[in-house]
Each structure stands twice: as structure tokens, then as C-alpha cells.
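This report looks at how two chains meet and at what lines a pocket. The sequence and structure come first.

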There are 2 protein chains.
Amino acid sequence: MRVLRIFAILDRLRVHRHPISAQLLADALNVSIRTIYRDMATLQAMGAPVRGEGGVGYQIGKGYFLPPLHFDPDELDAIVLGMRLVAARGDGPLADAALRASAKINAVLSDEHRETYSDRPLLAYSVQAETADQSIAFLSPVRAALRERQRLYISYRDLKGRGSTRHIRPLGLTAFDRVWLLTAWCETRADFRNFRVDRMRSVERTGETFRREPGKEFNDYLRTL
Amino acid sequence: MRVLRIFAILDRLRVHRHPISAQLLADALNVSIRTIYRDMATLQAMGAPVRGEGGVGYQIGKGYFLPPLHFDPDELDAIVLGMRLVAARGDGPLADAALRASAKINAVLSDEHRETYSDRPLLAYSVQAETADQSIAFLSPVRAALRERQRLYISYRDLKGRGSTRHIRPLGLTAFDRVWLLTAWCETRADFRNFRVDRMRSVERTGETFRREPGKEFNDYLRTL
DNA sequence: AATACCCTGACAGATTGTGTCAGGGTCGAT
DNA sequence: ATCGACCCTGACACAATCTGTCAGGGTATT
């Protein structure tokens, strides 16, 4: 089973601080050296910072495995609350990611803290979460575009209700108390503009188009803003 | 790549304290349910403490030999944003703690992640931060009391502007969009009550008394709520 | 040079991973 | 007791991959 071997390699790399040669791994795991090279390639494809230097061996860099972390009570409060805030206010993928990140952090806490981590009496509540509307439906593609520095083609509805389409280069996303604001260079207007994510009607990114379900463009409390 | 999926399964199992069904995993990872069962089998073959109960779902036990690995881009987004949200909306000590926690997390990232971490174009902005009022002045002692399970003696001003004092046992703190809400057992009224932190006028904890500066009890936008 | 590593491509055959179909089990609710 | 919602297993055929072998090329140190 390849998965087993890859986990074993990871384990060995984690334990040994010193470089370990592919040949050694090959012998230990009863495979050919070529197979080890290929495993290393897939590890690197997975994002593992394994460096192989000619004449030396393989080593794994920091940051792949999360080392044990120590946080003081205030810092723990901040993390728990932060992740819950994001989970409450972000879109689906972002909320999920917040949960995963939270679980990972919890997993590397020292034992005394781990118990109390998930029981912290800190909660985040968002009006958005309750209304479960689609005002943040576009958060995910917008974040992706931001990360990849890609342009977006959006259909927007301004304050006066007029619709328009724009080519924009996303620059930053800001979480306001109730609204997400996308700062961007608007190529159509050749100027910097801010766009409320909840006023977007469709977003096109690298060919893929995201659309809001009809009839849910605004919800009540947003209309009052 | 199967290895990727197995790590993803591990990540998702870590999140949920409650069992998660194979079907859910199958949907999330875009494979058939059968594949999930097989992945579970190899996970168990690897010695991972995953249990599956009929009619319930899968759960992972504590103390798995491999620590979790790096944060994926969405998780990093969640962390950055979460810490900035807390920094923007928390009281002084909590905001500071968020910055410290952020720095610690940043320190354990691999080099490539570290570069982008602090530059993520995700921001949090809070009206509270701008008005810089004292509506959250009591957050810190309240959180401390919550942590230590101590009673508080507070001076409170209710919706109608009437003042009163209460002995309370703090139970939970909730971050609403604009307001912090403290849930507590009110010993004076012998009932569960919610208190808005910004309506507190003084807080006494283990002999120490915290007071708001006079004349800043409310600020404009809060009065409009 | 020689050595000791890392690395890559190609190829054929073995291996495995996968979805589908078809079951069997437990548990709790109706 | 029947149902539904799960976990779980076996079998099968096809596709995908993994693997060893052979044949190179690279970069350091000795």
C-alpha cells in the first residue's frame, strides 16, 4: 500500500533531524529507490517542504507538521473567538476551513489547554448566519481570485438599484460589521472602487460563472442599511 | 491522489467531536461511499484510532501519532481573518492577544506560507474600533471571571435607562454583530439573564473594581440600536 | 577522477484503486 | 416489528496507478 509507505516516510523524515538518503528509505521500506523518488515527488506535490540535496539526502522543512504550540489564556480566547467569528460570518468553504483550522490548533495544544479549548464560553453570532441568505454566496470565488491575483468579471447592482457589469482586479476584502466589502481596481472605470459582496449578482472567474439564486438578492435587514 | 484524500479525511474527522457519516465524507470529497469505506480500512491499518459505529458515523480518537499538517489556503484565510476580526472588535488585552497568537502561528509556517500570511488581503473593520469608545472596556475582567468561574458584581443600566446592581455568575460571552452579550445566572433575580457588556457601568471581580470613564457610556451608533 | 547522492524519462507488466451491484449487520425511532 | 440510517464486506470489471528496470544527467564533496 502506497499510502502506508508515504506515511512511513513522513514519519521517518519527521523523526530524523539529519538528512536521510533515498537508498536508506528504499531499503527500510523494501522498495526500489526509484519508488522513493516518486514518493518524494508526490509528497512535494502535496505541498510538503521536503528538500533533497545532491550528495546529502532528504530533509523536511518546518511548517509542514504543526509543532506543539503554547498559548496563554488570552491568546486561546482570541483564537477560539476568531475561528467562531469566521465560522459564523464566512461563506460555507470559509466557515468549514475555520472549523478545520480550529481543530488543528486544538490538536497541537499542550494537554492542559486542550481540555478547555473547545469548552470556552465564547460564542460568535451573526445576523447573516441566522438569515441564511445568499449575501455571501460569492465570498469563495472572490477569495480565490484574490489569492491567485486573477481578474473578475462581475455583475453589480449599485445603491440606486442600477445594474452594471465590470472587469475588476480584486485587491482586498474587508469584513465590516454586517457587510463584506471588496476593494478592487475597476478596469471598466479605470479607478479604485469598493463593491459590496452582497450586491453582486454574478461573478465570473477563469471561465466559471457563479450566480445567485433568483429572488434572494437582498434580504430585509440589508435593505435598511 | 489517494494520499491527499486520506489526509483530508483525517482533517475532517478532527473537526467533529460528533460522528460524521461516510456518506457526508463521500460527498465532500467527490468519491463514492465505497471508497470512503476502503480509505477507512487503510486508515485503521495504519493504526489510526478511527472508530465506526453502525447507525452513527465515524469518529477519531485522541493521540494520533502524526500531528496535523500545514494549513491549507482556506484555513489560512480563516485564521488571518479571525485574528483580525478579534483584533478589531475585542478589548485591548484580547486584541493584543490576537496579535500575539497570530505571530505565533506565523512563526511555525513554512517559508512560502509565511510570506503570504501577513500580506493576505483580508481585513476586518469594526465600527467599535473607529469610535474607540469604552463599550468593551469590561470585556477583559468579564472574560477572566468566565475563565476562573468567578462571580461578578456589576452595575448595569437596562434598556429604559434604569440602573441596578447584580451579583451574577458568568456563563458565556457572545459576539454579536455590534454588541457583546454576557449570559449569566443572576443571583439577585435567581434567573438566567443576558447583559450587554456596553451597558455595564462598573464590574467588580475578586475585590478589584473596574469603572468606565464618565460621560462615555453610550456612543451614537449604539444608541440607535 | 571518483564517489555519493539527487533527479528525470520511458516502458511494460503487475498492482491497486474505483464504482457498481448485492448483500449483512446494529441501532434507534415509528 | 418494520423502517431508515448507518457501518461493513464481498465480488467484478475496468481504469488508473504504481513499480522495477534501464538509461541517462545533475551537483556537490573527497
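Chain A and chain B bury about 6,200 Å² between them, with 67% of that area on carbon and sulfur atoms. The model is predicted. Chain A brings 68 residues to the contact, and chain B brings 67 residues.

Charged and polar pairs also span the interface. Nine salt bridges are found between chain A and chain B. One of them joins the side chains of Lys104(A) and Glu75(B), at 3.0 Å from N to O. Polar contacts between the two chains number 14 residue pairs, both residues at pLDDT 80 or more.

On the chain A side, H1, H4, H5, strand S3 (122-124), helix H8 (139-148) and strand S5 (163-175) each supply at least two of the residues that touch chain B. H4(A) gives the largest share, twelve residues.

Now the pocket. The largest pocket has a volume of about 1,300 Å³. It is lined by 48 residues, and the closest to its centre are Ala103(A), Asn106(A), Ala107(A), Val108(A) and Arg14(B). Both chains contribute elements with at least two lining residues each: from chain A, helix H1 (2-15), strand S2 (57-60), helix H4 (73-89), helix H5 (92-107) and helix H6 (111-117); from chain B, helix H1 (2-15) and strand S2 (57-60). H5(A) supplies the largest share of the lining, six residues.

The table sets out the make-up of the two surfaces.

| Surface | Nonpolar | Polar | Charged |
|---|---|---|---|
| Side of chain A that touches chain B | 42 residues | nine residues | 17 residues |
| Lining of the largest pocket | 27 residues | twelve residues | nine residues |

Conventions
Residues numbered from 1 in each chain as written. Chains lettered and ligands numbered in written order. Predicted model: local features only at pLDDT ≥ 70, side-chain atom pairs only at ≥ 80, totals over all residues. Heavy atoms only, no water. 1 Å grid on protein atoms, 1.4 Å probe; cavity = no way out; pocket = protein on both sides within 12 Å on 5 of 7 lines; lining within 4 Å. Points joined across faces, edges and corners; volume = space filled by probe spheres on them. Helix = DSSP H or I, 4+ residues; strand = E, 2+ residues; numbered from the N terminus. Nonpolar A, V, L, I, M, F, W, Y, C, P; charged D, E, K, R; others polar. Contact = heavy atoms within 4.5 Å. Buried area = accessible area lost by both parts, 1.4 Å probe. Salt bridge = Lys/Arg side-chain N within 4 Å of Asp/Glu carboxyl O. Polar contact = N/O pair within 3.5 Å; in protein donor to acceptor, adjacent residues only side chain to side chain.
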